Structures are given as structure tokens and as C-alpha cells.
Amino acid sequence: MEIRILPLPEEKKKQKFTDESQLSFGRLFTDRMFIAEWKAGQGWVDARIQPYGPFSLDPACLVLHYAQEIFEGLKAYKWEDGSIALFRPEINARRFNHSADRLCMPEVPEELFLQGIEELVRLEQEWIPTSPGTSLYIRPTMIAVEPVLGVKPSDHFYFYVILSPVGAYYAGGFNPVKIMVEDKYVRAVKGGTGEAKTGGNYASSLKAGLEAKKKGFDQVLWLDGLERRYIEEVGAMNMFFAYGNTVVTAPLDGSILNGVTRGSVISLADQLGFTVEERKISIDTIMADIGSGAITEAFGSGTAAVITPVGALCYKETTATIGGGGVGALTQKLYDTLTGIQTGHLPDTFGWVKKL
Ligand SMILES: *Cc1c(COP(=O)(O)O)cnc(C)c1O
């Protein structure tokens, strides 16, 4: 599909950061954005790259009332030789369309998804930070813009991509987080939208997150929505537990997100000689196995932080410290290997990197 490139007037050019150590997550955006529109009877039309800026949306439009919205998250890295790399973007394209199907939104052809991202990143490459741990975060999004209050799938959508230079997640060191196991609120149930990356899932999780923060925890670990017994995932991370040479994670059974990082961790752990088990595991078992020392490490996986060491879990009134509260050897190895592949410092034996 032809992508029109609209001019970027001098006055729309933003001030670039000068100090990469000041970058945070998702607060600063680049000069341009990609957008394409889908209209019933016409399909995808008018793909363009235009100056970054606000939309003018009708207050009645469907996304603002009934949350017909999906998104993705991936990163671009600038290597030492100046080239630009994406990490498994075609998996994000496929997951985006999986989410679209669940939310009754039109499929974005994989070529359009990738072409939109790649052309935008190429144009905005001066915005990719280069110091260790930094990257350009890419946020593809689709929203329903038909102005009507009836509950129905929209007949008009925007698919757009915005870019945000992000700082090193572990600027203060690769430190373990403390996680509260949520036993009051639920995030998703099988048959719901837990498997889709859709805004509503996150809106409904805010309250639990806030209550956990108040108690001094960094994030929430969700249990299954029916029995509140089996571990599912953390806010925007899949969760892994290591038992010596075996790594356990929740199965993809309809209520958790199929993380790109999760899939990459499974492949890497397997390559490193670990046994990976995708199976249901109850929180009682987890707490007992942390207590006995059978669980040696725990960590989360997600695009933003890549790998997050988990130092403690709190369930009901009990807080259990994992592996002495430090960073385990496997956790460190996975972090080093994944970030090494993403930044071109280690060989990409799986063919995960897509160079622009
Ligand atoms: C995005 C996300 C993840 C992590 O997925 P990645 O593809 O690894 O970034 C995990 N859980 C939820 C709920 C998410 O939204």
C-alpha cells in the first residue's frame, strides 16, 4: 500500500532530548505518526505519515463509550554500527489481528502493519536513543471512530502508530520487584478478553494496582478468575518460576496474553538446557515451594522491561522471599541474552531480529 508522507513544518519539530539518562517511559513522543483509516465498504484507505498531534474526535465516537480499542508494544534499537533493528515485529502483527478479531475490528494486513512501522521508524530514526538499555518504543493502536451511541462494531477505524524514546528500565540497577498476589479482584476469565491487548483490561486492573502500591508492592499477580487459585500473569508481564533446571509458566488457555517475550524466554530456556513446562500451578503450591526452597527463581517477561526479577510474593498475609531476594542466575542469563540479541551484541541464532 502506498504511504503518503506529509510535510513536517519547521514549527512542528520538537526539541530533542540531550540527556538520555533523563528519558522515562512513554512521556515523550517523536515528530511524526503513521495513520491509516478503515471504512466499511472501502477497506483500508489513506495511509499516511503526518506530524504528531491530537486527533479531532466526535464526542460520540464508539471508542470513547464502549472501548473498542486494541494496541501493541514493541521496540526499535539502534546498533553500534548505526543500523536499526526490530525484535520479532511479525509476531506483534499477528497478535494485533488476534486482538482485532476478538474486538470485532478489521484485520490489518501484516504488510501494512510492518510497512507503517518501518517507514515511520526510518523517518524518525534520529529519535532512537543509543545509550545502554534505551530504545524507541513503538505503540501501534486501533480505535473505533464512528460517532454513534448504539452498541455495535464501528464502521470507521483509525490504525495509528506513535513512537516514544524510552530510557533504561533498570537505570537504578537490575533490582528484584515485590509482587502482591491479588485475591479480591480478577483481571480476566476464559472466554473474556484477557487474551487480547485491549484497553478495557487495563482500565479494570487499575484499582488492584493502586491498592497493591499502597501496601508497598510494585505490581499485582493475577489468579484465575474462576477459582482464584491458579497463577496467571502480572499487569503487563508473563510470569515464570524456576525449580532448579525446570521452568514453569501458566499455559495459554484463553485468559492471559501470549507474550512475545514469553515465547522468546521459552525458546531460550530450552536452548540453555532447561525443561520448560506450560501448566496450571496453584498459588498454594507456589507459596509452599518458595517456602521450602524448591522454587529457586521467579521473573516476569514483557517488552518494556524484557525480564523483571521477582524477589518476593505476598499472598493473603504471608510474604515469601524468593531465592534470598536477589537476582537468580537464569534470570540474569535470560536478560543478558535477550537484550544482547536485541542490541546486536550477541548472535541472533533464532532469526528474531528484523533489520530495517
Ligand atoms: C503486553 C503484555 C504482556 C507482555 O507481552 P510482550 O509481548 O512480551 O510484551 C503480558 N501480559 C499482558 C497483560 C500484556 O499486556
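The exercises below work through the domain interface, the ligand site and the salt bridges of a predicted model.

**Exercise 1. State how the protein is divided and how far apart the C-alpha centres of the domains lie.**

Step 1. Domain 1 covers residues 4–166, and domain 2 covers 177–343.
Step 2. Between the C-alpha centres of domain 1 and domain 2 the distance is 27 Å.

**Exercise 2. Describe the extent of the interface: how many residues are in contact, and how much area do the two domains bury between them?**

Step 1. The contact involves 22 residues of domain 1 and 21 residues of domain 2.
Step 2. The area buried between domain 1 and domain 2 is about 1800 Å², with 58% of it on carbon and sulfur atoms.
Step 3. On the side of domain 1, the residues that lose the most area to domain 2 are Phe71, Phe87 and Arg95; together they account for 32% of what that side buries.

**Exercise 3. Find which kinds of polar pairing cross the interface, and which elements of domain 1 supply the residues that touch domain 2.**

Step 1. Apply the salt-bridge rule, which asks for a side-chain nitrogen of Lys or Arg within 4 Å of a carboxyl oxygen of Asp or Glu. Across the interface of domain 1 and domain 2 it finds zero salt bridges.
Step 2. Search next for polar contacts: 13 residue pairs across the interface qualify, both residues being at pLDDT 80 or more.
Step 3. Assign the touching residues of domain 1 to elements. Strand 4 (69–71), strand 5 (74–78), strand 6 (84–87) and helix 2 (89–102) supply at least two residues each. Helix 2 gives the most, with six residues.
Step 4. Sort the residues on this side of domain 1 by class: 12 are nonpolar, four polar and six charged.

**Exercise 4. Identify the residues that come nearest to the ligand, and give the polar distances from Arg95, Lys197 and Thr303 to its oxygen atoms.**

Step 1. There are 15 residues around the ligand, and Lys197, Tyr202, Glu233, Thr261 and Thr303 come nearest.
Step 2. For Thr303, a polar side-chain atom is 2.6 Å from a ligand oxygen.
Step 3. For Lys197, the distance from a polar side-chain atom to an oxygen atom of the ligand is 2.7 Å.
Step 4. For Arg95, an N or O atom of the side chain lies 2.8 Å from an oxygen atom of the ligand. Arg95 also appeared in Exercise 2, among the residues of domain 1 that lose the most area to domain 2.

**Exercise 5. Count the salt bridges in the whole structure and place the one formed by Glu37.**

Step 1. The whole structure holds 16 salt bridges.
Step 2. Glu37 pairs with Arg48, and their closest N and O atoms are 3.2 Å apart.
Step 3. Glu37 belongs to strand 2 (residues 32–39) and Arg48 to strand 3 (residues 43–51), with the two 11 residues apart.

Terms used
Residues are numbered from 1 along each chain as its sequence is written. This is a predicted model: local features need pLDDT of at least 70, side-chain atom pairs count only at pLDDT 80 or more; totals for chains, interfaces and linings use all residues. Side-chain values use heavy atoms; hydrogens and water are left out. Domain bounds come from an automatic or database domain assignment. Contact means heavy atoms within 4.5 Å. Buried area is the accessible area (1.4 Å probe) that two parts lose on being put together, summed over both. A polar contact is a pair of N or O atoms within 3.5 Å; within protein, one must be able to donate a hydrogen and the other to accept it, and residues adjacent in sequence count only if both atoms are side-chain atoms. Helices (H or I, at least four residues) and strands (E, at least two) are DSSP runs, numbered from the N terminus. Ala, Val, Leu, Ile, Met, Phe, Trp, Tyr, Cys and Pro count as nonpolar, Asp, Glu, Lys and Arg as charged, and the others, Gly among them, as polar. A residue is near a molecule or strand if one of its heavy atoms lies within 4 Å of it.
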